[in-house]
Every structure is written in structure tokens, then in C-alpha cells.
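Thanks for sharing this one. Here are a few notes to read alongside the structure.

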Amino acid sequence: MPSSSKMMFACCVVASTWTAATADLRAASLIAARRAASGVFRPPLEEILPSAAVVVPLRAEGVPGLHGDEAFYTAEIGIGNGEERQQRFSVLFDTASGNVLLPAEGCASEACRGKRLYFPGQSSASEVVPLEDVEKALLKSAVTSSDGLTVAATVENDSVVVEFSQLELGDGLLRGHPYRDNLCLTPDLCGGIGLLAVESYTEAPFRSMPHDGILGLSLDGLALSSPLFSTIRSLGGAGSSLFSLALRGPSAEIGFGGLSPTFTSRRPIWRPVNKLEEGYWQVKIFSVIVGNLTVHPCLEGCTGIIDTGAARLGVPSAVMPKMVAATAVPDLPSLLNPDNNCCPGPDIHLDLGGGDYLTLPASTYAGRECNLEAPRVVPLELGPGYEGAFVIGLSLLKHYDTIYDFGLHRLGFAAVPSGKGTSDLSGDFAQMTI
């Protein structure tokens, strides 16, 4: 048995034989102590939010090039008049982009091969959006550069060109024409919305994406036009200005208008949207801690961008050396975290202030192999103004049910009990073959 395996086995034995009194030391850990000392009041969940008016089931789809326990979450949507046969598409619900992007008729790109195509002429509800309207919208848009997110859009040669960068799959371009059509997430949740009928894609990052298109759920700053291209405004008839997301291994639920049935009963922590004008769902980060070691004090400011279109945690490249060095050091007390499955690595904590943290367990970033020396985090090379930006992808989000309140411009995070949001995906979801 390799020495690392012996150490893990020994750690598991030690962890399993510790007494209940020893386990109680968890409450006195650094993170728990800070939380207890903060005195932050959190009212019961049921006093804050209603149940979702509409629930959309999602499924996990594997991505070539990523590990077997990493996936994106997609759902089927319908495009067209509800009185006729709708065109169906699988889409990624992306909190870090603001538009509906669908491959369209005439697309000869390799990225369109095997995808369902949008035919505007088959929908009696479709209307061409004048490019002049898009140009006016772009002048008002706050679309800016950030890795893992839609980054820029321009009007060129009678079409719209969008630069796109996905955290794990790379950067690319798409070109298409804007339309307005009727979009249905369920028979009970439909609305007229602007979308981009894409006629050409670059190989990266789109060829590896398992879904047909992308449905952006960002705030207004990232949409080509507001409210025409704003998904959350166009579908705001669910009765409440928020949506929620609960990830459960191979499946998930997004609830419009409130909380989905599987949403945890634990109380959420609330934080205001940071840098609202940028259009991202993001929170302020005060420091980044690995185990009990502060690897980044965020003296010049940090922000965490919530990105359901990214599988992993994105970390500024300047912070990566310290983080990798810190995660490589075994941390026996971390075995008390029930999400760590006997992986003796330190957890990664994003400090939200007030004694609250978002925690990425070692077993998640190290994978089933518990490879602490090669953590599944992605270095970011961001433009000016984004030096302190972290991208919070699904690896961390599966440990928290999240609430996106675009009425009050706030985010809620409710910790998922161990085992409910962290199920092994292996073999339970669709693998795409290229």
C-alpha cells in the first residue's frame, strides 16, 4: 500500500474511533467559533421565503475532459407559441451570463453537430429584433471581461458577435441574429424574450458542451438589453422576484418565485450583491483561508462570482501558489468534516464577513483520489478591476442551496446537510460522446 494510502487509512480509523466528546470539538473550531461570536441573527427560513411557484427539474450531464464526478446541470425548454408544437432544447442555466443562446438553422460549425437547431420560421411568435435596438442596448450594457463568463458583445456585418469564455473549456466566439420569441420553462411559466439565434461557433468552448444552448440568469448588466433580453424579468410572473437552486447529485431543482421542495430547511445567510452595476451575482469576500491559514487577506478587495456554468472554483493566478502549497499539507482535524470522506486535507473557506463562510471540503477539490497536490481549482487571468475575483462554481455550490433575489439585490446561502448535496455523480448522468 502506498504511503499516502496508509496515511488515509490510518486517518479513517482514527476518525471513526474518536468519541462523541472529541467530535464536540468541531463546535470549538476556528470557523465555528467565529460564527458563534458574530451574533448574526438569522430568522427561520419559513418566515422569509415562500415555496416556489414553478419548479424546473435539472439533470447533470457529463463533460468530456472533466472528471467523472463533475457535470453541468441542464433542463429542457420550449420555444414558440404555446398553441403550436414547440421547439425543444436542452439548456444550461447560467447565473454568470445574461442571454438566451441557441444554435440556429444554417449553422455549419462543428459545435452545432448533434445539437437541436432553432428555426425562427417555425414559430409564429418569433420576431426579428432590429440590430439598431441591440446597438443601443450595448451602449447601456455593463458587459465586462471576466474568465468563465460571457465577456463582450458587438454588432458586426449585420450580426451580433459575442465573446465567450468558460472556466474549464476555454475561450471562443459566437455569431448570430437577435430574435424575440416565446420561451417556456414549464407549461405554467412562459414569457416573451429576446434570444440570439447562433449561426456559427468556434470549436472552443462550445464543442465540448453537452447541452444545445445557454439560458442566462444574470442581473441586467450582462444582458444585451433590459428587459427584452433579461430572462429573470421576462419570466418574473412566477409571483416573486427571486429564484432558488438546490443541487442533489445527478439531479437538481431550480425554483422560480421561491424555494423548491428539496431546498434545505436550514437557515440561509444573506449577503448583498457586490458591485451590482456589473450584472454578476457576486458577494464580497474578506479573506480566503485554507485550514487555519489565511492565503489571501483581500486587502485590496475580493469578490466571489456565482457561476453555475463552471464546474470548479476559479482562483486568481497570483493566489494559486499559496493555495496549492496550503492544500498539500494534510490536516487531521479536517476529517471531522463529514463531507470529507476521510480525505485528510484542509478545507478552503471564503470569508463573507460577520462570522460566515462558504466552505469547499478537501474531498471535493481533491476528488475521489484525494489528490491534495493537484487541487481542482482553476487559475484565473483576469482583466483590470478583476484582480481579486474568484469564480464560485458547482464544486462549492453543491454544498449550499442558493437563493437569488433580484428584487432586493441579495444572495442567500443555506448549508446542505452532509450527503444530500454531495452525492457521487459517477455513472448516474448522461455522458456526451464527441
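1. Let's start with a strand pairing: which residue in β21 is the bridge partner of Leu313? In this predicted model, that partner is Val377. Strands β18 (residues 313-316) and β21 (residues 377-380) run parallel and are joined by 4 bridges.

2. On its antiparallel side, so to speak, β18 is joined to strand β22 (residues 389-392) by 2 bridges. Here Gly314 has Val391 as its bridge partner.

3. The residues of β18 are worth a look too. Leu313 and Val315 point one way, Gly314 and Pro316 point the other way, and all of them are buried. In a regular strand, side chains alternate between the two faces of the sheet.

4. Now to the internal space: there are 5 cavities of 30 Å³ or more, and the largest has a volume of about 90 Å³. Its lining includes Leu101, Lys115, Tyr201 and Asp212, and divides into 7 nonpolar, 2 polar and 2 charged residues. Strands β4 (100-103) and β10 (213-216) each supply at least two of the lining residues.

5. The second largest cavity holds about 70 Å³. Of its 13 lining residues, Leu58, Tyr73, Phe93, Leu245 and Thr308 are the closest to the centre. The lining has 11 nonpolar, 2 polar and no charged residues, and β11 gives the most to it, with 3 residues.

6. A word on confidence: the chain averages a pLDDT of 80, and 74% of the residues score at least 70. Please read residues 1-47 with this in mind, as their pLDDT is below 50; the pLDDT is also below 50 over residues 142-151.

Note on methods:
Residues numbered from 1 in each chain as written. Heavy atoms only, no water. pLDDT = per-residue confidence, 0-100. Contact = heavy atoms within 4.5 Å. Buried < 20%, exposed > 50% of the residue type's maximum accessible area, 1.4 Å probe, protein only. Pairing = 2+ DSSP bridges. 1 Å grid on protein atoms, 1.4 Å probe; cavity = no way out; pocket = protein on both sides within 12 Å on 5 of 7 lines; lining within 4 Å. Points joined across faces, edges and corners; volume = space filled by probe spheres on them. Nonpolar A, V, L, I, M, F, W, Y, C, P; charged D, E, K, R; others polar.
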